[in-house]
Amino acid sequence: MFKRLYIDNYKCFVNFELHLHEFTLLVGRNGAGKTAVLDVVYALRQLLEGTSRITDRDIFPPSSLTRWQKRPIQVVEADLELDDIQFTYRLEVEHHRVERRARIKDEALSGNGGPLFSFKSGDVRLYRDDHSEGPTFKSDWRESALARVQPVKDNIHLTRFLDFMRSVLVCGLNPPTFATEAASEDQILARDGRNFVEWYRHFLQERQDLSLSYTQAMQDVLPGLRGFRLEKVGIDTRALVGVFGDEGEAYPYKFHELSDGQRALAVLYALTHLTTDQRRAVLIDEPVNFVELSEIQPWLVALTDACGSTCGQALLSSHHPEVIDYLGADRGILLSRDGTGPTRAKVLAEGLNHLTEEGPLRLSQVMARGWEL
């Protein structure tokens, strides 16, 4: 799982360091950088998938440079722990402001302190799992050379790192964009969740045994739901249909006919019941935007239970008082800025012991009064 993120010269982050745990909640005022943290992880995943280049619009564009910095270099570091191996990945992106273009200047991966991969000024050096030197080759400065490395018997550690990064889910759900039909399967949920049906179809093909627990969980939160089915509407196309009613009557509703909140819940509970990789990280921006008040805590309980079992790590960002009060005391990290200055991080509960005549305030009440800073 992710242990540390270091970000420099990216939006509001200058020499910024964030330590993460199995379950972390990011809180802070608007503009403090909560979504930007997820943006960085999302850009890393896109880059290391090998399908995106540094010149793509959402992969470290020139507009992401910190406005008051003149330096052309952006730096991102990620420390991870996977299978008792301590990985450190470092990326340096060099920007040319006048030409409005960028390239990867340096890229490196180490494991347990020894090198596994190095890219510098167009030259790649590979290392074996025992850190002995391997082959060298040239690579394109516009893309991740690490993403191009093919798995072989003596780079198992490097491959394990890439597999993890490519499985990371980063999303901020937008139910109005969700499609109802799927002509194919997708292993990765899109940033806004629009491909949920393709993602759901993939899991049913891979792990049909998981559908029962998922259905049972959804029956608890959607009254009258009997289950979901993928209904054939074309040669290769399936539509997701929710079936409601009792034993005597059944009323099918296509996925787009459900409310935004119902569709959001379908995705949120899928994240807790269908993500079966115990080492996968799930990052969600404002997960309860469309969820009714009484439905929030049951899902948070389900996600907490899933961490370390069906889901390896979770990172949420939220303003919602229910989320803050449930998770903030033990798992909250506060992001803050002084005006338009750089973002800083601290443990949310530090120093928040405010008392009133009625007794101690909840964390959300403290934050509502602006006393958290």
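This briefing walks through the fold, the two sheets, the helices that pack on them, and the empty spaces of the structure above. The model is a predicted one. Its protein chain holds eight helices and 20 strands. With a radius of gyration of 22 Å, close to the 21 Å that the globule rule gives for 373 residues, the chain is as compact as a globular protein of that length. Along the principal axes, the C-alpha atoms fill a box of roughly 70 × 65 × 40 Å.

**The eight-stranded sheet**

- Let's start with the open sheet of eight strands, whose order is S2-S1-S4-S5-S6-S7-S8-S9 and whose pairing is antiparallel.
- Strand S2 (16-19) and strand S9 (133-138) are the edge strands, and each of them pairs on one side only.
- Direction ignored, neighbouring strands of this sheet are turned by 15° against each other on average.
- As a general reminder, strands of a sheet pair through backbone hydrogen bonds, either parallel or antiparallel.

**Following the strands from S4 to S7**

- Strand S4 (residues 73-82) and strand S5 (residues 85-96) run antiparallel and are joined by ten bridges.
- If you would like a register mark for this pair, Ala78 has Tyr89 in S5 as its bridge partner.
- S5 is also joined to S6 by ten bridges, and these two strands run antiparallel.
- Here Phe87 stands opposite Gly111 in S6.
- S5 and S6 make a hairpin with four residues between them, and Arg100 in the turn has a positive phi of about 55°.
- S6 goes on to join S7 through six bridges, with the two strands running antiparallel.
- Gly111 turns up again at this step, where its bridge partner in S7 is Gly114.
- The hairpin of S6 and S7 has two residues between the strands, and Asn112 takes a positive phi near 55° there.

**The six-stranded sheet**

- Another open sheet has six strands in the order S10-S15-S16-S3-S17-S18, and its pairing is mixed.
- Strand S10 (169-171) and strand S18 (343-347) stand at its edges with a single partner strand each, so one side of each is left without a neighbour in the sheet.
- From one strand to the next, the twist averages 15°.
- Strand S3 (residues 23-27) pairs with S16 in the parallel sense, over four bridges.
- Within that pair, Phe23 has Ala314 in S16 as its bridge partner.

**Helices on the sheets**

- Helix H2 (residues 156-167) lies across S1, S4, S5, S6 and strand S7 (114-120) of the eight-stranded sheet, and runs at about 105° to S4.
- H1 lies across S3, S10, S15, S16 and strand S17 (332-337), running at about 135° to S10.
- Those strands that H1 crosses are members of the six-stranded sheet.

**The largest cavity**

- How many cavities of 30 Å³ or more does a search of the whole structure find? The search finds one.
- About 60 Å³ of space lies in this largest cavity.
- Its lining is made up of Phe2, Leu5, Leu20, His21, Thr24, Val41, Ala281, Val282, Leu283, Gln313, Ala314 and Leu315.
- By class, nine of the lining residues are nonpolar, three are polar and none is charged.
- Strand S1 (2-8), strand S15 (281-285) and strand S16 (313-317) each supply at least two residues of this lining.
- Ala314, one of the lining residues, is also the bridge partner of Phe23 in the pairing described above.

**The second largest pocket**

- The second largest pocket holds about 170 Å³ of space.
- It is lined by 13 residues, of which Leu126, Pro135, Val149, Val152 and Asn155 are the closest to its centre.
- Strand S8 (123-127) and S9 each supply at least two residues of the lining.
- Which strand gives the most to this lining? That is S9, with three residues.
- S9 is also an edge strand of the eight-stranded sheet.
- By class, the pocket lining has seven nonpolar, three polar and three charged residues.

Terms used
Residues are numbered from 1 along each chain as its sequence is written. This is a predicted model: local features need pLDDT of at least 70, side-chain atom pairs count only at pLDDT 80 or more; totals for chains, interfaces and linings use all residues. Side-chain values use heavy atoms; hydrogens and water are left out. On a 1 Å grid over the protein atoms alone, a cavity is a set of points where a 1.4 Å probe fits but cannot get out, and a pocket is an open set with protein on both sides within 12 Å along at least five of seven lines; lining residues have an atom within 4 Å of a point. Grid points are joined across faces, edges and corners, and a volume is the space filled by probe spheres set on the points. Ala, Val, Leu, Ile, Met, Phe, Trp, Tyr, Cys and Pro count as nonpolar, Asp, Glu, Lys and Arg as charged, and the others, Gly among them, as polar. Two strands pair if DSSP finds at least two bridges between them. Axes are lines fitted to C-alpha atoms, for helices over the stretch in contact, and angles run from 0 to 180 degrees between N-to-C directions. Contact means heavy atoms within 4.5 Å. The radius of gyration is taken over C-alpha atoms; the globule rule is 2.2 Å times the number of residues to the power 0.38.
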